[in-house]
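Q: Could we walk through this model together, one feature at a time? I would like to learn how to read each one.

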Amino acid sequence: MWKKVLGVLVVIAVGVGLAAWGIGPKLLVTTDAGNVSQAEYYKKLKSSPEGQEELANMIIQKVLDDKYGDKVSKKSIESQYDDAKSQYGSQFSQALSQNGMTEDSFRDSLRLQALEKQAVIADKHYSNKQLRQAYKEYQPKVNVSVILTSSEDDAKKVISELDKGGDFAKLAKEKSTDTNTKKNGGKMTGFDSTDTNLEDDFKTAAFKLKKGEYTKTPIKSTSSKGYFVIKMNSKSDKKSFNALKSKMKNILVEKTMSDTSEVQAIVGEELGKANVNIKDSTLQNVLSTYTQAAATAKTSKNSSSAESSSSSSEASSSSDASSSASSESSSSDASSSSASSSSSEDDK
């Protein structure tokens with residue numbers, strides 16, 4: 001049910017700092033078996049995919065920080081950091097290590113992601129139609145309780161006991177395998193449809209329930225490797241579109257953030273405006289993913305504009321042709337009417 005946040009962040013650390021390039025002693029390490037020079041270290045590091053990715057992210061962060069840094073507070077980054085640490089609990093350090101990150105590089109990754117979001121906000125302009133569609137799909141905050149079982153049959157047995165009048169909280173404490181909620185009688189923290197830590201099937205099933213209802217069929221969970229029984233405790237009323245308009249924009253921004261190609265294109269455009277000049281010829285392509293994405297997006301945009309212009313032109317031509325045909329038809333009718341009138345005069 002719960003998704004892990006580190007898995008969706010851009011990993012920007014390789015366990016060493018490229019900031020050491022160009023500074024420090026010429027010999028980084030000395031041993032009786034031989035020395036490691038700064039030049040050797042630099043050459044080895046810059047030729048590795050991890051080293052090149054690190055440099056790309058350092059450049060991007062500098063460019064975006066210069067333009068949007070005042071919109072990303074240290075407090076907001078620490079808040080995200082604390083949320084992730086709380087989510088992982090005692091496994092936090094292990095999770096960082098498995099992703100090739102340290103606490104500091106994880107904070108850098110959070111900041112880079114926040115800066116990219118600001119670039120998206122500055123670039124995207126959502127129509128009222130898009131905002132209303134987001135509002136239509138939006139589900140406000142709900143509070144539910146859950147019972148997680150290891151098998152579908154066990155979940156069906158729980159449902160059967162509930163059908164006979166069993167107490168949900170009591171059954172959660174006795175039978176749930178979800179250590180995060182069972183001690184609280186299965187109660188979860190409230191969530192709405194924008195929550196990305198929950199599986200879609202889980203949210204869909206929960207939002208269908210009315211207050212006091214519980215799912216009549218087990219809800220399979222891939223991440224939790226089991227089956228959930230969900231009970232609706234309370235639902236918030238959905239506010240008006242105008243009251244939620246700014247929230248809808250943020251929802252669309254987050255949706256854009258999930259599209260890697262689009263984010264890369266936006267970042268690539270920002271890099272193009274910053275006059276980035278990479279001095280080392282062997283590192284000229286470290287930003288190619290972003291510059292190519294920006295070029296592709298620009299070509300696609302120009303193509304769409306051309307097609308739109310062509311369609312408008314064709315529609316205009318069609319309208320002119322129709323008008324001309326109508327005019328010719330009217331002229332023909334007038335001639336026929338005149339001829340008919342002359343014929344009548346001759347008959348007289």
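Q: Where does helix α8 lie, and at what angle does it run to β3?
A: Happy to start there, and please keep in mind that this is a predicted model. Helix α8, residues 168-175, lies across β3 and β5 and runs at about 40° to β3. Helix α7, residues 152-163, also lies across β3 and β5, running at about 35° to β5.

Q: What is the order of the strands in the sheet?
A: The general idea comes first: strands of a sheet pair through backbone hydrogen bonds, either parallel or antiparallel. Here the sheet is open, has 3 strands in the order β3-β5-β4, and its pairing is antiparallel. β3 and β4 (219-221) are the edge strands, each with a single partner, so one side of each has no neighbour in the sheet. On average, neighbouring strands are turned by 40° against each other, ignoring direction.

Q: How many bridges join β3 to β5, and how many join β4 to β5?
A: Between β3 and β5 (residues 226-235) there are 8 bridges, while 3 bridges join β4 to β5. You can check the register with individual pairs: asparagine 143 has serine 234 in β5 as its bridge partner, and serine 221 stands opposite glycine 226 in β5.

Q: Is strand β3 largely enclosed or left open by the rest of the structure?
A: For this, count how many of its residues are buried, meaning under 20% relative accessible area. In β3, residues 142-149, 7 of the 8 residues are buried, so the strand is largely enclosed by the rest of the structure.

Q: Let's move on to helix packing. At what angle do α6 and α10 pack?
A: The angle is about 95°, and the axes of α6 and helix α10 (residues 241-257) are 9 Å apart. Angles of 65 to 115 degrees count as roughly perpendicular, so α6 is roughly perpendicular to α10. On the α6 side, the contact is made by Asn128, Gln130, Leu131, Arg132, Ala134 and Tyr135. Phe241, Leu244, Lys245, Met248, Lys249 and Leu252 are the contributors from α10. By class, this contact has 7 nonpolar, 2 polar and 3 charged residues.

Q: How many salt bridges does a search of the whole structure find?
A: The search finds 11. To read one, look for a side-chain nitrogen of Lys or Arg within 4 Å of a carboxyl oxygen of Asp or Glu. Glutamate 270 and lysine 67 qualify, with their closest N and O atoms 3.1 Å apart. This pair links distant parts of the chain, as glutamate 270 is in helix α11 (residues 260-273) and lysine 67 is in helix α2 (residues 49-68), 203 residues apart. Glutamate 270 is buried at 8% relative accessible area, whereas lysine 67 is partly exposed at 41%.

Q: Which residue meets lysine 124 in a salt bridge?
A: Lysine 124 meets glutamate 262, at 2.6 Å from N to O. Lysine 124 sits in the loop between α5 and α6 (128-137), and glutamate 262 sits in helix α11, 138 residues apart. Both are partly exposed, lysine 124 at 21% and glutamate 262 at 25%.

Q: How many residues apart are arginine 107 and aspartate 104?
A: They are 3 residues apart in helix α5 (residues 103-123), about one turn of the helix. Their side chains meet in a salt bridge at 3.8 Å, N to O. Arginine 107 is partly exposed at 23% relative accessibility, and aspartate 104 is exposed at 53%. Glu78 joins in as well: Glu78, Asp104 and Arg107 are linked in a network of salt bridges.

Conventions:
Residues are numbered from 1 along each chain as its sequence is written. This is a predicted model: local features need pLDDT of at least 70, side-chain atom pairs count only at pLDDT 80 or more; totals for chains, interfaces and linings use all residues. Side-chain values use heavy atoms; hydrogens and water are left out. Helices (H or I, at least four residues) and strands (E, at least two) are DSSP runs, numbered from the N terminus. Buried means under 20% relative accessible area, exposed over 50%, partly exposed in between (1.4 Å probe, protein chains only). Axes are lines fitted to C-alpha atoms, for helices over the stretch in contact, and angles run from 0 to 180 degrees between N-to-C directions. Angles under 35 degrees count as roughly parallel, over 145 as roughly antiparallel, 65 to 115 as roughly perpendicular and the rest as oblique. Contact means heavy atoms within 4.5 Å. Ala, Val, Leu, Ile, Met, Phe, Trp, Tyr, Cys and Pro count as nonpolar, Asp, Glu, Lys and Arg as charged, and the others, Gly among them, as polar. Two strands pair if DSSP finds at least two bridges between them.
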